[in-house]
Amino acid sequence: MLLRVLCALVAALVTVPPGALAQGGPGSPTVAAAGEIPMDPAVRRGVLPNGLRYAILHNDRPIGGVSIRMRIDVGSLEEASHQSGIAHFLEHMAFNGTDNFPEGELSRRFAAAGVAFGRDQNASTSAFATTYELDLPLADEARLDLAFAWLGDIADGLVFDPEAVDRERGVVMAEHDGGLGAARDRELAYQAFAAPEHLRWRRPPIGRRETIAAITADQLQAFHRAWYRPDNAVVVIVGDRPQDELEARIRATFSDWTASGPAPTRAVLTQTDFERSLDVAVRADPTLGSTLSACRLQPWARRGPDTVARRRENILRTLWTTAINRRFQRIAQIPNAPFSRASLGRSAWTGEADAYCLSLTPNAAEDWRGGLDAALTELRRLEVHGVTQGELDRAVAAQRAANAAAIASAEDRFSTALVNDLLAAQPLPPLDQGGFVHPRDIPAIYDPIAETITPAEVHTAFRQAWAGSGPLIWVSMPTPPDPDAVRVAWTNSASGPPPAAYADVASVAWAYSDFGDPGTVASRETVEPGFTRVTFDNGVVLNVKSVEFTRDLVQVGVRFGLGRREIADADLFVASIGQGLVPMGGLERHAFEEIRDLFPDKRLDARLTFGDRAFSLNGSTRTADLETQLQLMAALLSDPGFRPEATVLVPTALDAFYRNLRTQPSLMMGQAITEAIAPDSPLSLPPREVALAITIADLERVFRSAMTEAPLEVTLVGDVSEYEAIAQVAATFGALPRRLDADRGRADTWYLRYPDTVAPIVTTHEGPADQALVAVVWPLFVADSASRREQRALRLFSTVLREEIRSEVRETLGASYSPSTTISLPDQTDQGSLTVSVATSPQQTEAVREAVRRVMDRLVADGGVTQIALDAARTPILDRVEADRRTNSWWFGVMNGSAAEPQVVDDALSWPDDYRAMTVAEVQAAAARWLSSPPFEAMVLPRATMPTQVEAMP
């Protein structure tokens, strides 16, 4: 687990996030030059006599599905100080007990209807609103009845039983405690420096421990009565049912909802001090990485409706932020760069000010001056000279390509995404109103604006944005500098001689457009459930499926080699880190940043991973960009660069990981379990100094052979004809030299095997004193295709177990916010396991352990799996099968690697039937066979409570 977490950390650091639509939303077919942009006419909007607003849109992705959002326009901003967290607490009570759903019934009844708690049914509370979410995979009459019964109860049917409130208080407290830690402490300290008077900072949605502990049932009911009123609510529905029917349901459910008394007075937002000059605060954070931020503030004009003028402002802002952030990215790729990441962006700070903030991560904490000076130099360069025409052209070209892609895939948007976009377009004071119009009309807004924008106008927009008050500079480091030193460094850098104008990137030609004579097809066959497999004369295999589930999108994958089976055990850590870095090493004839500059208007994607059985290079692209995408991937697998830029960011990421390791209970749990069951295994973390010594040569040693020598299996799924796919793969992968199908496996690969017994594991963390973690682990078996049916029985059992654990630990004990069960059954590699993991308080660890034992005994020893529980476990899974099969990703999962491992196809096709046919007796028998033996237990406690809790372990 530790390696997976670390790999994700590195990937997050090195990945450049894709750009969003610059204009903030699609356009409209008929829009005045500077007027308000009307909403998509396909949206039916209305207001009930009692004031409730609604918006309905028909959409058939997925077929038969409906997504519903009900937003109450109240959040933590409206709470009294002594009731901090009450809006979020009230959100919890909507899942606890209502007129139509007694306590403990809600999740069971929705699960039986195919709606999974957390996945399909959820809620969230912000400073401004509380939103309830329902996604019905199949929205028949009965399921819609169920959905609207619950939504009606949220409006006017919650039950505030004092004992139920006390039980739920433990869940809310556990959620609060789960968010504690060094990162949260740093955020609170930053808020106290930057905006101590702002209500949004002083009233966090989660609340404070002391106020959560004091909230009563009467107070919850009073808050509900005051704020849960029809004139303060909006219902948004997107899905595959007639609009007339959905509108009628809204009217039938909410028309008799009446407000109690006059509308309450909303909080007055605190005014920001825009006269505040340069100010600096520093913080010592020995367990976190180094960061520096500098924000300039301006008054925020609440702009109201979506207009052409407002979108022009957004486009200008996007153009200059794109330019400066691309400059920062290039600097970060230079060996010995002064920072590993820097960015400049805007946010509506607390709803009370516009904040334009520079954020950077120095490559070395002791060289914060170098990072700050380099970033400020680039900012001054932009301030003095502006953007180049080339930067402007590339940014506009990229946005136009994104607009075209949005149009092409407009009819393939899923309701789960559309409903959130439509909700965001509904006015929510004091925030801006969003826009919601059809993507086909984006050019009607964007193109006329972009055609008139000049570098000079972008330059002016940046100077105006960066001319606000401040800057407010925040430095957080293990050993922070003196604030006066930061103040002097900023002043000196900002007042020095102006830098030279920016030298735009030089134009180069793409060096990988010709791989030689295209390959010829040696064989072609149709593979059930309906895709084509082609083998070229050089041995390259192509699996191809032409579908239009998402138009103008093609998923591409290349599998090669044996993955972990050909990696030396000593290199497993290098491989885990390196898989996210190798594409950053570019190509022999092009650096990574050069590739990005060559194709600003193309969607190119290449992600390298390795698994137990193979390496994979995956990506997704537009249909028009498929040729270049395949050229890029073929070049990476035939002429990789392994340039040192790939490892520039590694020290920063690893340093942050190792510093933070001991403060994270989950990471300490993973390390403790690994050391107990497999000491000195390849899964163990190396010493920090060993990790920091990883070089590009290490990555090349681990990956080059597989990338350039192993046979290739290519998979294409999406909006491309079979003929065109074969032709383009023939010109790229099919043109490469034949690769030998040699045995690349190692005889000494280490795989996890559990010892017969494991003593209770107890370790400590150095994070918050209110956090503890309990894990109970049952070793299983080494999976293979012959045991597939039993594996599926155990997977169903684990879902039953998850709901029973959640009911016992969360609902009855109130001891955890999100207990989890996970089952691992990889084929022919590591031994599988079933794990129950519960984050709780140190005082509740014994009660949690007893509850887990009690639930497992009831289900296994006492044969407690019921037909109702089994149906509730599998129905939400099976209800999504048909919708899943109408996606590119389902077909990609079936096809990818299926030539090398034909079992993949059979597994994808057979599991739904197995799930439907599975009986209680079969599930019970699998559980009795593998889960009757005593598990082993692990516990992570805060260091201060260690002695007392250790005595409680058996």
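Which strands does helix H10 (residues 243-254) lie across? Before selecting anything to find out, keep in mind that the coordinates loaded in the viewer are those of a predicted model.

**The whole chain**

Begin with the complete protein chain displayed as a cartoon, in which the secondary structure comes to 33 helices and 23 strands. Its radius of gyration is 29 Å, close to the 30 Å that the globule rule gives for 954 residues, so the chain is as compact as a globular protein of that length. Along the principal axes, the C-alpha trace spans about 70 × 70 × 60 Å. If you colour by accessibility, 57% of the 954 residues count as buried. Among contacts with a separation of 6 or more, 84% are made by residues 24 or more positions apart.

**The six-stranded sheet and helix H10**

Next, select the open sheet of six strands, whose order is E1-E2-E6-E3-E5-E4 and whose pairing is mixed. Strand E1 (44-47) and strand E4 (121-125) are found at the edges, each with a single partner strand, so one side of each is left without a neighbour in the sheet. On average, and with direction ignored, neighbouring strands here are turned by 10° against each other. At the E1 edge, add strand E2 (residues 53-58), which is joined to E1 by four bridges and runs antiparallel to E1; in this pair, Val47 has Arg53 in E2 as its bridge partner.

Now show residues 243-254 to settle the opening question: helix H10 lies across E1, E2, strand E3 (66-72) and strand E6 (233-239), and runs at about 155° to E2. Then select helix H2 (residues 86-93), which lies across E4 and strand E5 (130-136), with a direction at about 170° to E4.

**A buried strand**

Move on to strand E10 (residues 353-362), where nine of the ten residues are buried, so that this strand is largely enclosed by the rest of the structure. Adding strand E8 (residues 291-299) brings in a partner that runs antiparallel to E10 and is joined to E10 by eight bridges. To locate the pairing residue by residue, label Gln298 and Asp354 in E10, which stand opposite each other.

**The seven-stranded sheet and helix H20**

The following selection is another open sheet, formed by seven strands in the order E12-E13-E14-E18-E15-E17-E16, again with mixed pairing. Its edges are strand E12 (521-527) and strand E16 (607-610), and because each has a single partner strand, one side of each is left without a neighbour in the sheet. Neighbouring strands of this sheet are turned by 20° against each other on average, direction ignored. Inside the order, strand E15 (residues 554-560) and strand E17 (residues 615-621) pair in the antiparallel sense over seven bridges, with Val554 opposite Thr621 in E17. Helix H20 (residues 626-636) packs on the sheet, where H20 touches E15, E17 and strand E18 (712-718), and its direction makes about 160° with that of E17.

**Two crossing helices**

For the last stop, select helix H5 (residues 162-178) together with helix H26 (residues 788-812), whose axes come within 8 Å and cross at roughly 100°. That angle makes H5 roughly perpendicular to H26. With side chains switched on, the contact can be followed from Arg167, Glu168 and Val171 in H5 to Arg810, Glu811 and Thr812 in H26. By character, the residues of this contact of H5 with H26 divide into one nonpolar, one polar and four charged.

Technical notes: Residues numbered from 1 in each chain as written. Predicted model: local features only at pLDDT ≥ 70, side-chain atom pairs only at ≥ 80, totals over all residues. Heavy atoms only, no water. Buried < 20%, exposed > 50% of the residue type's maximum accessible area, 1.4 Å probe, protein only. Pairing = 2+ DSSP bridges. Axes fitted to C-alpha atoms, helices over the stretch in contact; angles between N-to-C directions. Parallel < 35°, antiparallel > 145°, perpendicular 65-115°, else oblique. Contact = heavy atoms within 4.5 Å. Nonpolar A, V, L, I, M, F, W, Y, C, P; charged D, E, K, R; others polar. Rg over C-alpha atoms; globule rule 2.2 N^0.38 Å.
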